[in-house]
Amino acid sequence: MKHLFKTVCCLCLLLLVADCTKYNDDEVWDNIYELHLAQYRQAERLAALEAWTATVNGNISALQTIVAALQNCDYVTGVTPIPDPPGGYYIDFTKSGRATILNGEKGADGVDG
C-alpha cells in the first residue's frame, strides 16, 4: 500500500510540473504564415505566366497566318497600328483575313549585347 501511495504522489507531482510549463508555438505559426505567403506568391507567378503564354500563343498564331498567306501568294492590303498598350499591328491580307501582332516588353541585354 505504501508503494502505491508513493506512485500516486509521484504521478500527481509529475502532472503538476507538466502543467506549469507552457509551450511556445510562435515559431510554428510563423512557419505557417510563411507557407501561406509562399503559396500566394506562387499563385501570382502562375497568373503572370498564364497571361504571358496567352500573348505568346496569339503571336504564334498570327505568325502562322502570315507564313500561310505568303505561301499562298496572298497580299498585304493594310497595316494598322494598335494604339493601346502593349501596342502592335493589325495586318490585313487579301485572302487570309487579319493577323494581330502585339509588341512585347524590352528585355535585359545579354552577355553579347
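The largest pocket of this predicted model is lined by Ala51, Trp52, Thr55, Val56, Asn59, Pro86, Leu102, Asn103, Gly104 and Glu105, and its volume is about 190 Å³. On a 1 Å grid over the protein atoms alone, a pocket is an open set of points where a 1.4 Å probe fits, with protein on both sides within 12 Å along at least five of seven lines, and a residue counts as lining if it has an atom within 4 Å of a point. Grid points are joined across faces, edges and corners, and the volume is the space filled by probe spheres set on the points. Helix H2 gives the most to this lining, with 5 residues; helices (H or I, at least four residues) and strands (E, at least two) are DSSP runs, numbered from the N terminus.

Residues are numbered from 1 along each chain as its sequence is written. Because the model is predicted, local features need pLDDT of at least 70 and side-chain atom pairs count only at pLDDT 80 or more, while totals for chains, interfaces and linings use all residues, and side-chain values use heavy atoms, with hydrogens and water left out.

From the pocket we can turn to the sheet, in which 3 strands are arranged in the order E1-E2-E3, open and with antiparallel pairing; two strands pair if DSSP finds at least two bridges between them. Strand E1 (76–82) and strand E3 (97–102) are the edge strands, each pairing on one side only. On average, neighbouring strands of this sheet are turned by 20° against each other, direction ignored, where axes are lines fitted to C-alpha atoms, for helices over the stretch in contact, and angles run from 0 to 180 degrees between N-to-C directions. Helix H2 (residues 26–71) lies across E2 and E3, and runs at about 135° to E3.

Between E1 and strand E2 (residues 88–93) there are 6 bridges. Val79 is opposite Ile91, Pro81 is opposite Tyr89, and Ile82 has Gly88 as its bridge partner. The two strands form a hairpin with 5 residues between them, and Gly87 in that turn has a positive phi of about 80°. Val76, which belongs to strand E1, is in contact (heavy atoms within 4.5 Å) with Ile91, Asp92 and Phe93, once its neighbours within four places in sequence are left aside. Val76 and Gly97 are 21 residues apart in sequence, and their C-alpha atoms are 9.5 Å apart in space.

On the other side of E2, the pairing with E3 is again antiparallel and extends over 6 bridges, and a hairpin of 3 residues joins the two strands. Gly88 stands opposite Leu102, a residue that also lines the largest pocket, and Asp92 has Arg98 as its bridge partner. Arg98 also lies over the face of Tyr90, at 4.4 Å from the ring centre, a charge being over a ring if NZ of Lys or CZ of Arg is within 6 Å of the ring centre and within 35 degrees of the ring normal.
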